[in-house]
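Reader: I'm new to reading protein structures. Could you walk me through this one?

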Amino acid sequence: MQIGPLIAGAGVVGVAVGFGAQTIVKDVISGVFFLLDDAFRVGEYISSGNYKGTVESFSLRSVKLRHHRGPLFTIPFGELGAVQNQSRDWVIDKFNITVGYDTDIDFARKLIKRIGLELAEDPEFKHWVLDPIKMQGVQEFGEYGIVLRVKATTKPGGAFGMKRKFYVRLRQVFKEQGIELPFPTVQVQGLQNPHGAENAPLEITPELKMAVAQSHTIRRRKKASTPE
């Protein structure tokens with residue numbers, strides 16, 4: 001019986017098992033350190049690289065993350081890398097509001113503060129709020145108006161619903177006080193209209209308005225994706 005091929009085959013299998021065992025050992029050791037560091041717990045929302053979601057469970061070598069849209073990720077600890085835990089202690093949410101250039105900034109600041117205090121006393125959000133919504137100052141002079149920076153400090157998970165309610169209440173109060181929330185407009189001249197009159201203002205059709213709004217949305221998305 002030729003034992004040479006058997007020995008060679010066993011060597012190849014041994015090498016494959018060795019590499020596999022190395023990966024498993026790496027996952028297990030990484031998991032031990034994550035647990036010792038208390039990096040996350042079941043029910044917390046975390047993100048790491050391209051992965052993010054709520055921790056549903058974890059084993060000796062992997063963690064299961066449920067994405068907020070439904071997919072369930074099973075990630076070996078060795079591939080997890082740096083973890084960002086978004087469910088600990090508190091979070092600060094900053095966002096922008098654009099008002100017209102003729103707006104009284106100090107008056108707008110007082111209105112924003114008043115709305116923030118009202119929401120902080122709302123039974124729906126009261127237990128989430130650590131520091132009410134308030135205006136930090138002027139962020140920049142934007143393309144359509146003055147951009148105001150607003151921030152709030154809440155417990156993790158409490159900012160989303162409160163911010164939606166804030167936008168609704170802000171629009172109502174600003175409208176009552178005559179403060180303009182600007183939006184993109186277009187005026188085109190010097191082109192021939194459908195009736196043949198040259199140099200007459202071009203008719204503003206719904207299609208043209210939609211094209212301008214889409215262009216404005218694209219510019220805002222590009223600007224928002226640019227790091228500050």
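Reader: Which residues are linked in a network of salt bridges?

Author: This is a predicted model, so everything here is read from computed atoms. Side chains of opposite charge can pair when their charged atoms come close. In this protein such pairs join up into a network, and its members are Asp 38, Arg 41, Glu 44 and Arg 88.

Reader: How far apart in sequence are the parts that Arg 88 and Glu 44 tie together?

Author: The side chains of these two, Arg 88 and Glu 44, meet in a salt bridge, with N and O at 2.6 Å. Arg 88 sits in the loop between β5 and β6, while Glu 44 belongs to the loop between α1 and β1, so the pair ties together parts whose separation in sequence is 44 residues.

Reader: What is the distance between the closest N and O atoms of Arg 88 and Asp 38?

Author: Asp 38 lies in the loop between α1 and β1 (45–48), and Arg 88 in the loop between β5 (84–85) and β6; they are 50 residues apart. A salt bridge joins Arg 88 to Asp 38, and its closest N and O atoms are separated by 3.6 Å.

Reader: Is Glu 44 buried or exposed?

Author: The cut-off to keep in mind is that buried means under 20% relative accessible area. Arg 88 has 25% and counts as partly exposed, and Asp 38, at 30%, is also partly exposed. Glu 44 has a relative accessibility of 9%, so Glu 44 counts as buried.

Reader: Which residue forms a salt bridge with Glu 56?

Author: Glu 56 is in strand β2 (residues 51–58), and its partner is 10 residues apart from it, in strand β3 (residues 62–66). Glu 56 is partly exposed at 37%. The closest N and O atoms of the pair are 2.9 Å apart, and the partner is Arg 66.

Reader: How many salt bridges does a search of the whole structure find?

Author: We have met the pairs of Arg 88 with Asp 38 and with Glu 44, as well as Glu 56 with Arg 66. A search of the whole structure gives a total of 13.

Reader: Let's move to the strands. Which strands stand at the edges of the open sheet of 3 strands?

Author: The open sheet has the order β6-β8-β7, with antiparallel pairing. Each edge strand has a single partner, so one side of it is left without a neighbour in the sheet; the edge strands are β6 (91–99) and β7 (129–141).

Reader: Which residue in β8 does Ile 97 stand opposite?

Author: β6 pairs with strand β8 (residues 146–154) in the antiparallel sense, over 9 bridges. Across from Ile 97, in β8, is Leu 148.

Reader: Which helix runs at about 25° to β6?

Author: Helix α2 (residues 105–120) lies across β6, β7 and β8, and its angle to β7 is about 160°. The helix with an angle of about 25° to β6 covers residues 159–176 and also lies across β6, β7 and β8: helix α3.

Reader: How big is the nonpolar surface patch that includes Val 25?

Author: Val 25 belongs to helix α1 (residues 4–36). Val 25 is partly exposed, with a relative accessible area of 45%. Together with Ile 29, Val 32, Phe 33 and Leu 36, Val 25 makes a nonpolar patch of about 470 Å².

Reader: Finally, what share of the residues counts as buried?

Author: The protein has 4 helices and 8 strands. Out of its 228 residues, the share that counts as buried is 28%.

Definitions and conventions:
Residues are numbered from 1 along each chain as its sequence is written. This is a predicted model: local features need pLDDT of at least 70, side-chain atom pairs count only at pLDDT 80 or more; totals for chains, interfaces and linings use all residues. Side-chain values use heavy atoms; hydrogens and water are left out. Helices (H or I, at least four residues) and strands (E, at least two) are DSSP runs, numbered from the N terminus. Buried means under 20% relative accessible area, exposed over 50%, partly exposed in between (1.4 Å probe, protein chains only). Patches are made of residues with over 30% relative accessible area and no salt bridge: like charges are joined within 9 Å, nonpolar side chains (Val, Leu, Ile, Met, Phe, Trp, Tyr) within 5 Å. Accessible areas come from the Shrake-Rupley method with a 1.4 Å probe; for residues, only the protein chains shown count as cover. A salt bridge is a side-chain nitrogen of Lys or Arg within 4 Å of a carboxyl oxygen of Asp or Glu. Two strands pair if DSSP finds at least two bridges between them. Contact means heavy atoms within 4.5 Å. Axes are lines fitted to C-alpha atoms, for helices over the stretch in contact, and angles run from 0 to 180 degrees between N-to-C directions.
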